[in-house]
Every structure is written in structure tokens, then in C-alpha cells.
Amino acid sequence: MKKYFKKITGELKEIIILAAEVSREANMPAYLVGGFLRDLILGVKNFDIDIAVEGSGIIFAQRLAKKLKSELRVHERFGTATLILDGLLKVDIATTRKEKYPCCACLPVVSCGLLEDDLMRRDFTINAMAVSIVRGDEQKLIDPFGGRDDLSAGRIRILHDLSFKDDPTRILRAIRFEQRFNFKIEPKTLFLLEDAVKNGLLDKVSPHRIRDELVLMLKEHDPLKQVKRLNNLCALSFISKKLKAGKSTYDLFKSIDKEILWFTKNFPAHRQLDTWLIYFTALLAPLAPGEIKKTTSRLGLRKGEEKRIISYCQSSRRLIQFLSKKGVLPSRIFFMLEPLSYETIILLKSASQNKYLKRYITDFLEIYNGMRLYVSGNDLHGLGVLPGPRYQKIFAKVLEAKLNGKVRTLQGELGLIRELIKITD
Ligand code: ATP
């Protein structure tokens, strides 16, 4: 393992050295585990350090937080803690534990355990390896299930035959890792996965856990690949009874890929898009409105997320029809698109190949959306208008004229305001 440790540099290295110090001082063996170790062996960057501690993960985390002067979030019930560091780095620390599943898809009964128990409760061989963080021990990879061989061969393999039955979310995790790394789910695991799907085990999982796994899938770098494999292996009825995906959804995903790239390249200053939400909306869009609402509330999406999905599904047809015509006035484009989220706008641009619509949306993002008036409330006051709802109406009229190129200067804006005041007085 020495050569892998050499690959850890900078802040990551400092954290691991300090964690090794805590391990020695507190006399609590501690190990790098999970995705961090997997990615270290694969040579993939990962800024989420997973540490498993024999003893108390929480005491260990408190001591490490002190050394690092970092914020600490403790989850007493699970014996875990997260250190939040500046930038991208995160350290998850957990007490090694044993898990028993009292029934299919139930939450496990957790008790203290040793490292071997902790590795045994994990999802796949490639995620069930450990290495001590203490110098001297670090060469030894603890790999009871052959994870390293599976990593080299590109195999996703569960640890025992009841794995999917214990926790069917592993079905979705298997697909996610398989597609992320271009691996293959090995034959017996695939057989058990398909059997679990046939027996409807995904329907037994709580909708919130399904949501979390779906969001992770749609955050992967190629959501289309993920959804295709998901659809082939599981179909999509576990998300919503009538949900199906075919060529039109896949084509839309490809178009979304392009539009997201275009947006991030051209508008780097805008807030980051919730890209997963764009794909998820595209997935749900063919459903009837009532079904969409039912699905989003069952999955427990946040209000803001639900609102963006429903807003697209309710208005996309009308908007696409309207924006596909030649010669739509800039002010009409502005007032139609301005209330929408960027996610909705990007999805509209992806859903239509009409050249006018694409142009209008580009103009909206490049020009209209950033347009500001020269006049202010003070100017209106100076012209004798008393503050009140009338201000907004006047500003909207001036903006409309400005968007349509009818006024261009401060003088022009003031002139128009004088006319408007005369008309309404
Ligand atoms: P990613 O690279 O997507 O962050 P990860 O492997 O780090 O993946 P996490 O969800 O952060 O995944 O979980 C950390 C570790 O916890 C995993 O590597 C795995 O060993 C274990 N784990 C997570 N979810 C499960 C599960 N449902 N069943 C068993 N073990 C799990």
C-alpha cells in the first residue's frame, strides 16, 4: 500500500498524519475505508475521507477536530461524525459496527463491532477494504473479500447472497458504480440483483432512500448511461407506476448534456445549476400532471425542487409553442422566461430544436436578463409620483420599451415616464 500512500499529498496528507496521531494517542485503531480507499487504489481523486475507528468514532473525531481546528457534526445515534473543512475536503469518521437486518429492506439493528464486522456490513467487495492509517501498518491492505482483484478486473460483487434482500438500495448502488467506472456487475451478483428486482424488492424501500440514490445517479457524469442501465435492469415503475423511458427520453438527455455544457461555458458567473433536477424533470415529464405531483411528494423532494419540476411540466408545451415563432418581441420573451428557474430554461432549450426558440433563450440569458433601467425610485419621486404600486407598473412599462429598443438612454426613459404619468393622471 506504500505506493498508494505516496499519492496522497497536500492537505489530505496532513489530515491523515494527524488522524494517525489521534489513533496512537487515544489507543484506537483507525483505518481508511470505503470509497476513499477504493479511489486511492484506482487513482481517482476523492476529497471525502472515510475513516473507521475501533473504539469511539465520536471521541476520535472530537480529538481530530481539535487538532485541525475544524467544525464537527456529530451523529450520536449512529456513532459517526463529519469534519467540515474549508474547500472541498470532508472527513467522515465512524465507529466500526456490526449490522443485522431484521427483515427485508428494514433499517439494520446496529451494535459495536470490530473492523472485520464493519467490512462485512458493506455493499460491494471494492468498498469493503481497509488499511491502517498508522505508519508502519500502512503497507497491509485488509481485503477479506477480494476487493482489490475485483477492482483490477472491473467487477461489482456483493459480499453475500442476501445482500440485496437486506438492503435493496444496493441494486441502485451496483448500477451506479458499474456505470461510473465502466465495470461489470459479476454474473452471480447480476443474477441475484435481477431476482431481487423480479421479487419487487425496490418497492419495499422507503421512498426517501430511493430519492437519495436516484439523485446520486443523476449527479454522475453520464446520467444517460445510468438511466439506460437502470431501465434495462429494473424498469422505472419503482419510481412511479406508469413511468417509462425510451428513445425520446434518451434523446432529451443527450440534448440536456449539450445545453448544460453550453450554459456552464458561457455563463460561468451564474449560480451552479442543479443538473440532476433537469434530468429528473425530463424523466418525469411524460407523466400526467397529477402523477408527477404524487411522485414528487411521495419521494419527499424539497418544495423548491418540486416547484421547478411542476413549473416545467405545466408550462413547457405552451412556452415551446410560443417561442418557436419568428418575430417574438424581446419584452414578451423576457416576461415569459424571467419567472422561470435556470433549470427550467435549460430544459426548455433542450426539449426543442427550433432555431427561434434557441435564439430567444440565448438572447434572454445574454442580454435581456441583465438589462437594468437608468431611472430609479428617486427619479420617479422627483417627477412627483408618490411611492406605491404605481412605481412597479411604471418601471415595467419602461423596461418593456427598453427591451424592445424603443428607449435607450436615461433621457429616453425619463421622457417615457413623463408621458406615462400624463396618461394615468
Ligand atoms: P461515492 O464515491 O459515490 O461517494 P462511496 O463508496 O464513498 O461512494 P458512500 O455512500 O459515501 O459511498 O458510503 C461510504 C461507504 O459506506 C461505501 O464505500 C460502502 O462501503 C458503505 N456503504 C454505503 N452505503 C451502503 C449500503 N447501502 N450498504 C452497505 N454499505 C454501504
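Here are some exercises, with worked solutions, on the domains, the sheet and the ligand site of this predicted model.

Residues are numbered from 1 along each chain as its sequence is written, and side-chain values use heavy atoms, with hydrogens and water left out. Because the model is predicted, local features need pLDDT of at least 70 and side-chain atom pairs count only at pLDDT 80 or more, while totals for chains, interfaces and linings use all residues.

**Exercise 1. Find the domains, and say how far apart the C-alpha centres of domain 2 and domain 4 lie.**

Step 1. Mark domain 1 (1–153), domain 2 (157–233), domain 3 (236–359) and domain 4 (377–424); such bounds come from an automatic or database domain assignment.

Step 2. Between the C-alpha centres of domain 2 and domain 4 the distance is 58 Å.

**Exercise 2. Work out the strand order of the seven-stranded open sheet, and which strands stand at its edges.**

Step 1. Helices (H or I, at least four residues) and strands (E, at least two) are DSSP runs, numbered from the N terminus. Two strands pair if DSSP finds at least two bridges between them.

Step 2. Reading across the sheet gives β3-β4-β5-β2-β1-β8-β9, with mixed pairing.

Step 3. β3 (71–75) and β9 (141–142) are the edge strands; each has a single partner, so one side of each has no neighbour in the sheet.

**Exercise 3. Trace the pairing from β3 through β4 and β5 to β2.**

Step 1. Start with β3 and β4, which are antiparallel over five bridges. Here Val74 is opposite Ala81. Four residues separate the strands of this hairpin, and Gly79 has a positive phi near 65°.

Step 2. Move on to β4 (residues 80–84) and β5 (residues 90–95), also joined in the antiparallel sense by five bridges. Ile84 has Lys90 as its bridge partner, and Ala81 faces Ile93. This hairpin has five residues between its strands, with Gly87 in the turn at a positive phi of about 75°.

Step 3. Finish with β5 and β2, a parallel pair with six bridges. Ile93 of β5 turns up again, this time opposite Ile51.

**Exercise 4. Which strands does helix α4 lie across, and at what angle does α4 run to β5?**

Step 1. Axes are lines fitted to C-alpha atoms, for helices over the stretch in contact (heavy atoms within 4.5 Å). Angles run from 0 to 180 degrees between N-to-C directions.

Step 2. Helix α4 (residues 57–68) lies across β1, β2, β3, β4 and β5, and its angle to β5 is about 150°.

**Exercise 5. Describe the shell around the ligand and its polar contacts.**

Step 1. Counting residues with a heavy atom within 4 Å, 15 surround the ligand, and Arg38, Arg122, Asp167, Arg170 and Arg180 are the closest.

Step 2. Look for polar contacts, meaning pairs of N or O atoms within 3.5 Å. Arg180 places a side-chain N or O atom 2.6 Å from a ligand oxygen. For Arg122, a polar side-chain atom is 2.9 Å from an oxygen of the ligand. For Arg170, the 2.9 Å distance is to a ligand nitrogen.

Step 3. Alone, the ligand exposes 590 Å², of which the protein buries 75%; areas come from the Shrake-Rupley method with a 1.4 Å probe.

Step 4. Elements giving two or more residues to this shell are α3 and α8 (169–181). The largest share, six residues, comes from α8.

Definitions and conventions. A polar contact is a pair of N or O atoms within 3.5 Å; within protein, one must be able to donate a hydrogen and the other to accept it, and residues adjacent in sequence count only if both atoms are side-chain atoms.
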